[in-house]
Amino acid sequence: MSDRAEFQAQARDQARIFQAQRDLIIAERDLHIHYVSGVQQVRRIHRESLLGECPYPGLVEFSTEQSQWFFGRDELTAEIMVRLTARLQRGGPLALIGPTGAGKSSLFRAGLVPAIQRGALGIPGSAAWPCLLFTPTAEPVKSLTSEVAGTVGVRMWAGNVPQYITMIRGALSEQVAHESTAERRLLLVIDRFEELFTQCADHQQRRDFVALISALTKPDRDGAAPVALIAYGLRSDFYDKCAEYAELRKSLQSDQVLIGPLSEEGLRDVIRLPAQDVGLDIEPGLTELLLRDFKANLSTRTFSGAVAGASGWFEASHLPLLSHVLRATWQQKRGNLLTVEGYQATGGISHAVVTTAENAFNKLDPQGRKAAQSLLLRLVRVGDGVANTRQRVPRTDLLNTCGDPAVVTGVIESLTKDRLLVQEWDTVEIIHETLLHAWPRLRRWVEEDRANTLVRQRLEEAATNWSRNHRDSSMLFRGSQLEDACRLGSGVTNKSLPGSCVREFLAASRRQQQRETLIRRTALIFLILATLFSSGAAVFAFQKSDDAETERNKVIVKQIAEEANALRNDDPHLASQLDLIAYGMRPTPSLYTRLLADAQVALPVPNGFANSLAFSPDGRTLASNGNGSGGSSENRALQLWKMTDQFHPTLLGTVTVPLSTDTSLAFKDSRTLAVGGTSNGRATVRLCDLTDPSHPALLEPALTGAGNLISSIAFSRDGRTLAAGDGVNVRLWDTTDRAHPVALGKTPAGHTNTISSVAFSPDGRTLASGGGDEQVRLWDVTDRMHPMPLGEPLRGSTNTVESVVFSPDGRTLASGSLDKQIRLWDVTERAEPKPLGQPLVGHTSFIKTIAYSPDGSTLASGSFDEHIRLWDVRDRVSPKPLGEPLVGHTEFVVSVAFAPDGLTLASSGMDRKIRLWPMKADRAIRRICETTASALTPAKWKQHIPVLAFKPPCG
């Protein structure tokens with residue numbers, strides 16, 4: 001029987017019928033039938049729309065009303081609905097994750113929401129469920145509760161989450177009774193979830209919002225389904241920001257949807273089907289030209305690491321460029337025909353956005369262009385460790401800060417008409433983040449003004465929080481923060497500071513600093529006089545006893561230390577000199593750690609941030625990792641630093657490793673480095689040859705696991721065995737011959753959640769692993785082919801165990817957890833480990849990384865609170881903090897590592913810095929004297945230490 005299909009069509013009146021390849025078209029009437037990939041699709045066209053409507057939205061996302069023109073994402077929409085339905089039993093919000101420009105907003109508005117409203121969710125009555133789509137904004141809790149209030153009438157919110165959920169459940173039940181439906185749930189679609197981090201500066205409100213969406217999606221105690229189903233769209237470069245919130249982390253670990261690239265066939269649909277739907281024809285050759293140019297505009301690699309177009313896939317984040325050029329081509333159409341000539345007139349895919357933006361800018365007069373620059377800069381939020389983003393700004397703020405209000409109003413209207421801006425209610429924002437990267441003029445402005453913009457952003461956030469917290473004086477700026485803000489404020493004549501709140505915050509900060517300076521100096525004088533009086537009395541009473549001198553010095557040291565703290569932001573070099581003086585008079589642990597912080601060296605990470613550090617066994621090389629050059633999502637760059645002089649490290653070389661995620665580094669020996677992560681969606685370890693560190697090279701073959709991520713790696717001390725965390729197992733390889741590694745065994749079932757960290761004992765007989773199941777497990781790896789569990793799991797942590805490490809003598813195991821605590825275990829009897837003392841507490845956020853010093857006397861820990869803490873662990877049962885936290889990082893600390901000689905501690909953070917800390921006081925003193933000696937003049941001495949004779953600590 002023939003597989004060929006026969007089609008018949010009839011037309012009446014003025015209609016004409018023709019067939020082009022697989023499409024059957026009835027033209028010049030209101031019905032258009034086309035057959036694509038064997039699926040019949042019927043669209044009805046209203047004749048009045050044929051000439052007037054553009055089916056391509058350009059840089060703006062598709063709206064719900066434009067869903068009939070949204071193509072290419074049917075399978076993804078269906079997948080989201082299936083996973084949403086499953087959330088009725090499992091609970092928790094569902095995340096849609098993808099890069100900027102991947103079409104998350106369009107998918108929500110023109111794909112998911114219309115599908116739900118058509119009843120495609122598959123749950124009886126769900127088509128009538130309230131479906132609310134919103135963005136977090138600067139006040140996410142208010143945004144959510146306002147949407148809910150308008151739908152179910154529940155307006156009360158006083159931070160009582162259980163009561164709020166109960167009220168919503170009751171309101172929905174009343175609607176069910178009134179409408180005689182089976183059940184009723186809320187459907188919340190949260191677009192641009194990253195606004196929680198870019199727009200909302202209030203950490204407490206962030207936590208409240210996360211707690212609220214978690215509670216809304218949590219099944220009731222009696223087994224009832226959640227009050228709401230929630231889907232949120234997150235820009236992929238903000239994925240790490242969610243890690244601080246346990247509720248989000250749990251849902252991300254269990255379920256998420258990644259929005260990837262379109263196939264070539266899907267891309268053809270995006271080009272052709274909207275045009276056909278409104279009666280437009282496409283000139284032969286135009287589709288192929290668009291695909292060719294789209295392919296040429298991509299970088300050489302896509303999401304899966306394949307060469308663009310080679311497998312028929314195209315980069316998701318470039319879709320806005322295609323949509324924009326299609327709209328621009330429509331504006332150049334000839335009758336109802338989209339032409340090659342019209343496309344070429346736009347400048348093509350690579351230049352259409354620039355052409356549109358430059359034309360819109362150049363038609364403004366000089367005053368308008370100046371206002372446009374100020375206006376556009378205010379609409380960009382400069383990323384500090386993440387990519388820049390657009391931000392909504394109240395229209396009144398722009399009118400008050402960007403120049404003549406009349407001129408600014410004209411510019412806003414003009415750029416809105418030219419589709420560079422979009423206005424919603426009383427706010428203005430850039431139409432799409434693609435414009436931030438694709439328009440060179442705007443990109444240059446942002447980079448040139450980057451420093452001032454960061455200061456302004458921090459100032460505005462601080463002022464807002466100060467106002468919301470009843471103008472708490474502890475939240476005012478001090479030191480260098482105030483100095484930078486005042487420098488920005490000196491341009492207040494051009495109204496660079498928006499809002500009276502910011503100006504009042506600055507004025508209050510100035511007054512507070514003046515008061516504190518006066519109080520501090522007055523107190524110093526009185527305390528010194530009192531000390532001298534007390535010391536005189538003591539001398540008289542005890543005939544110049546040492547006790548009187550000691551007490552006097554204690555007071556003086558305390559005052560010098562306080563003076564140094566007050567100066568640390570304004571004049572860090574002078575503060576370092578005062579620390580030296582205080583330490584020389586009384587060398588306490590707190591002053592010791594201050595010296596280490598004063599002497600730190602900061603290295604910039606060339607690309608992204610280094611999430612792992614490792615010293616070579618000979619201590620001559622430090623390895624760090626980061627994002628690959630060019631921002632490729634499929635490459636990571638490893639940096640090698642020469643460490644023969646800790647205070648003057650130099651970059652030896654770099655090597656690009658084909659991993660989309662890299663999590664851990666480990667040295668086999670001084671010639672071989674391993675890096676673990678993900679390649680093409682598979683858990684992978686790569687070995688690098690460092691025989692010539694200035695020209696490192698990848699070794700083949702790659703080592704692959706069974707999961708999708710190698711989370712942690714470690715070598716045995718002899719370098720013959722490599723262990724790697726692969727999902728819930730640890731895999732072992734024999735690396736005796738690095739050119740021919742051999743797979744060994746893997747740990748049996750044990751962990752029930754992803755392993756985060758692995759470590760070998762010094763003798764190589766025991767392996768430790770910690771993970772998301774909040775447990776630490778010990779494994780006997782004497783037989784590398786058949787690792788076996790040792791004893792019971794080590795419990796006590798109440799969150800993911802992020803780091804495990806053995807002490808150098810092998811008697812102690814330390815574990816650091818996201819519960820902010822460090823635990824020590826006696827593993828002398830490895831089959832019967834025992835907890836040692838109480839957990840070490842002090843960090844105020846998640847502990848991400850821990851490391852022992854080579855002599856075993858000190859443990860270092862790095863945390864999301866941006867601090868590194870040192871712990872004196874010579875007494876295993878009663879360890880104690882060693883001085884104050886090491887301060888320097890301005891974002892999460894993610895890795896710490898001691899040099900083999902114990903003289904240096906290296907750390908890395910999400911602030912894109914590697915910091916090197918000298919661990920010996922004498923080395924720190926030499927460094928401070930080399931860099932800050934000139935800061936302490938006789939005049940400065942007299943000002944800050946008037947009771948002592950001038951005697952500079954550096955000679």
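Colleague: How many bridges join strand 28 to strand 29, and do they run parallel or antiparallel?

Modeller: In this predicted model, strand 28, residues 710-715, is joined to strand 29 by five bridges, and the two strands run antiparallel. Within that pairing, Ala 714 has Ala 723 of strand 29 as its bridge partner.

Colleague: Which residue takes a positive phi in the hairpin of strand 28 and strand 29?

Modeller: That is Gly 719, with a positive phi near 75 degrees, in a hairpin that has five residues between the strands.

Colleague: And on to strand 30, how many bridges join strand 29 to it?

Modeller: Six bridges join strand 29 to strand 30, residues 729-734, and these strands also run antiparallel. Ala 723 stands opposite Leu 732 in strand 30, while in strand 28 the bridge partner of Ala 723 is Ala 714. The hairpin of strand 29 and strand 30 has two residues between the strands, and Gly 727 takes a positive phi near 70 degrees there.

Colleague: Is strand 29 buried or exposed?

Modeller: Six of the six residues of strand 29, which spans 721-726, are buried, so the strand is largely enclosed by the rest of the structure. Thr 721, Ala 723 and Gly 725 point one way, Leu 722, Ala 724 and Asp 726 point the other way, and all are buried.

Colleague: Why the two directions?

Modeller: Because side chains in a regular strand alternate between the two faces of the sheet.

Colleague: Changing topic, what is the order of the strands in the open sheet that starts with strand 40?

Modeller: Four strands form that open sheet in the order 40-41-42-43, with antiparallel pairing. Strand 40, residues 847-852, and strand 43, residues 880-881, stand at the edges with a single partner strand each, so one side of each is left without a neighbour in the sheet. Strand 41, residues 858-863, pairs with strand 42, residues 868-872, over five bridges, and Ala 860 has Leu 870 in strand 42 as its bridge partner.

Colleague: What about empty space inside, how many cavities of 30 Å³ or more are there?

Modeller: The count comes to four cavities of 30 Å³ or more, and the largest has a volume of about 520 Å³.

Colleague: Which residues lie nearest the centre of the largest cavity?

Modeller: Gly 101, Ala 102, Gly 103, Ser 106 and Pro 320 do, out of 33 residues that line the largest cavity. By class, that lining has 16 nonpolar, eight polar and nine charged residues.

Colleague: Which helix gives the most to the lining?

Modeller: Helix 11 does, with five residues. Helix 3 (104-117), helix 9 (264-277) and helix 11 (319-331) each supply at least two residues of the lining.

Conventions. Residues numbered from 1 in each chain as written. Predicted model: local features only at pLDDT ≥ 70, side-chain atom pairs only at ≥ 80, totals over all residues. Heavy atoms only, no water. Buried < 20%, exposed > 50% of the residue type's maximum accessible area, 1.4 Å probe, protein only. Pairing = 2+ DSSP bridges. 1 Å grid on protein atoms, 1.4 Å probe; cavity = no way out; pocket = protein on both sides within 12 Å on 5 of 7 lines; lining within 4 Å. Points joined across faces, edges and corners; volume = space filled by probe spheres on them. Nonpolar A, V, L, I, M, F, W, Y, C, P; charged D, E, K, R; others polar.
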